[in-house]
Amino acid sequence: MNALGRHILVEFYDCSPELMNDVMHIENSMVAAAETAGATVINSTFHHFSPYGVSGVVVIQESHLAIHTWPEYGYAAVDLFTCGDSVDPWVSYRYLKEAFEAGHGSAMECRRGQLDLLKRKDFNLESMRDVSPKPVEVAGTITRDVWFTERDENIALSLKHSGNQLYKKDSDYQRVEVYETLAYGNMLTLDGMVMCTQKDEYVYHEMITHVPMFSNRKAKRALVIGGGDGGTVRELLRHEQLEEVTLVEIDELVIEACKLHLPETAVAFDNPRLNLLVEDGIKYIKECADAHYDLIIVDSADPVGPGEGLFTAEFYKEVYRCLTNDGVMITQSESPRFNSAVFVEIYDTYKQIFGKEKVHCYLAAIPTYPTGTWSFSYSSKGNAHPLQFDAEAAAAFSQSQGLKYYNEGIHTAAFALPNFVKELLNSNPNNVTDEYSAEPTN
Ligand code: SAM
């Protein structure tokens, strides 16, 4: 070769948008394309952007293969760069054209580092040799650096994962996926949004259940709308006093995914006291009898997709109707830091239905949720008050059940709100400051 390297600039057109958005398929294909051409793969780094698009590079002993995709155009731009002549990059080109089901591709080869234009420098190799300790490389294994990213308007959360997609199915309502993250264990996402992870789910599930259960000791019947991961009913069923717990989850694939890959949260699905229904919670609550439940927990995802209707005044009025006179409604109420406008709007709705003095907000730290600061609402139909709770029983329960977050101190502290949250809760929903909001409030 009269050049140091061969660089093929590739354009793949008319690829399936799904494939162009499938970070696993793309990463596996790029690694296989390199190996098929005889290259030695060192490591791979791939990023799946939310809402779509993938970027990645495979480092090979003979240089690199890189890609960026535009699923919305069914298009991928690929760089195949090899040095020496032991690897034929055109083999990788043909492999990828097939793997990406490209309608057509165009490619241009450039010779990089024309030898007749280069003059070898006289340098001391020993001084250049990188003697820093290297991780022991096991033959045939490559270090994969694959990242999941949940990106919102102004903020994003990226989690490195093993590259093995544990679960991925599209239901009638949403895309259900489970990733094997390195920091937080298996992670459930719906339409690319983090729902829960093995390493921090207990925060959410302990706070959405034990706060109402210790301030509403006579509760016998509880309803959970959403919550298909099972964590909320797991915690509720720790309370022997509950005679009936009903879970209404719209998407059976969420239950399936968690039974397979988040068994700790799905552990109570076979509990005899659980009445598990796969149904739309909005329809269920409309058909539910008056004053039937002592506790209704709305364990929904964000106000998008199938869950949008779970954030409406109409829905909350039905919840109010179905609560007993001393009943309590608990919801995950988004984050004052993430989108202050949504936060203020939903609290304003609760106050219109339950009364200003009957609505309380409490906070918890959930690392994998946008901004890490999340909130729950406590709305009582009767005189139940979150801070009039049985602290002694709460302390003993937290101990005996081996809880990881909830205890009698956290119960009280969670309602001690920072000034900016108090300000938001007292602000006019039509004029919400964006001073504290990560996302645009307009
Ligand atoms: N902790 C999570 C969060 O805060 O984002 C939510 C957990 S849970 C997985 C949310 C569940 O609500 C999902 O399984 C989703 O399928 C379910 N869901 C959404 N809309 C629903 C509806 N209309 N009726 C019943 N379940 C619904």
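## The largest pocket

In this predicted model, the largest pocket encloses about 850 Å³ of space. Its lining is made up of 47 residues, and those closest to the centre of the pocket are Met193, Met195, Ala301, Asp302 and Val304. Two or more lining residues come from each of strand S7 (143–151), strand S10 (185–190), strand S11 (193–197), helix H5 (201–214), strand S12 (221–226) and strand S13 (244–249).

Among these elements, S11 makes the greatest contribution to the lining of the largest pocket, supplying four residues. By residue class, the lining of this pocket consists of 22 nonpolar, 13 polar and twelve charged residues.

## The ligand and its surroundings

The ligand is surrounded by 25 residues, of which Gln174, Glu249, Asp280, Gly281 and Tyr369 are the closest. Polar contacts to nitrogen atoms of the ligand involve both side-chain and backbone atoms of the protein: a polar atom in the side chain of Asp280 lies 2.9 Å from a ligand nitrogen, while a backbone N or O atom of Gly281 lies 2.8 Å from a ligand nitrogen. A backbone N or O atom of Pro306 is likewise placed at 3.3 Å from a nitrogen atom of the ligand. The ligand taken alone exposes 590 Å², and 99% of that area is buried by the protein.

## Annotated positions

Under "binding site", an unreviewed UniProt entry lists Gln174, Glu249, Asp280, Gly281 and Pro306. Of these residues, Gln174, Glu249, Asp280, Gly281 and Pro306 are included in the lining of the largest pocket. As for its place in the fold, Gln174 is found in the loop that runs between strand S8 (156–170) and strand S9 (175–181).

The unreviewed UniProt entry also gives residues 145–381 as "domain: PABS". In the model, that span of residues 145–381 is 26% helix and 38% strand, and the C-alpha atoms at its two ends lie 50 Å apart.

## The two cavities

The structure holds two cavities of 30 Å³ or more, and the largest cavity has a volume of about 40 Å³. The residues that line the largest cavity are Ala34, Ala39, Ile60, His64, Leu65, Leu80, Phe81, Thr82, Val87, Pro89 and Ser92. Strand S4 (63–70), strand S5 (75–83) and helix H3 (89–99) each provide at least two residues of this lining, and S5 gives the most, with three residues. The lining of the largest cavity divides into eight nonpolar and three polar residues, with no charged residue among them.

The second largest cavity holds about 30 Å³ of space, and its lining is formed by Asn21, Asp22, Val23, Met24, His48, Gln165, Lys168, Glu177 and Tyr179. Helix H2 (23–36), S8 and S9 are the elements that give two or more residues to the lining of the second largest cavity. In terms of residue class, the lining of the second largest cavity has three nonpolar, three polar and three charged residues.

## Ser16 in the N-terminal loop

Ser16 is located in the loop between strand S1 (3–13) and helix H1 (17–20). The side chain of Ser16 has a polar atom that lies 2.9 Å from the backbone nitrogen of Leu19. Ser16 can also be placed relative to a residue remote from it in the chain, since Ser16 and Gly103 are separated by 87 residues in sequence, whereas their C-alpha atoms are 8.9 Å apart in space.

Key: Residues numbered from 1 in each chain as written. Predicted model: local features only at pLDDT ≥ 70, side-chain atom pairs only at ≥ 80, totals over all residues. Heavy atoms only, no water. 1 Å grid on protein atoms, 1.4 Å probe; cavity = no way out; pocket = protein on both sides within 12 Å on 5 of 7 lines; lining within 4 Å. Points joined across faces, edges and corners; volume = space filled by probe spheres on them. Nonpolar A, V, L, I, M, F, W, Y, C, P; charged D, E, K, R; others polar. UniProt positions renumbered as here; feature names shortened; annotations may be inferred. Near = heavy atom within 4 Å. Polar contact = N/O pair within 3.5 Å; in protein donor to acceptor, adjacent residues only side chain to side chain. Areas by Shrake-Rupley, 256 points an atom, 1.4 Å probe, with all protein chains shown as cover.
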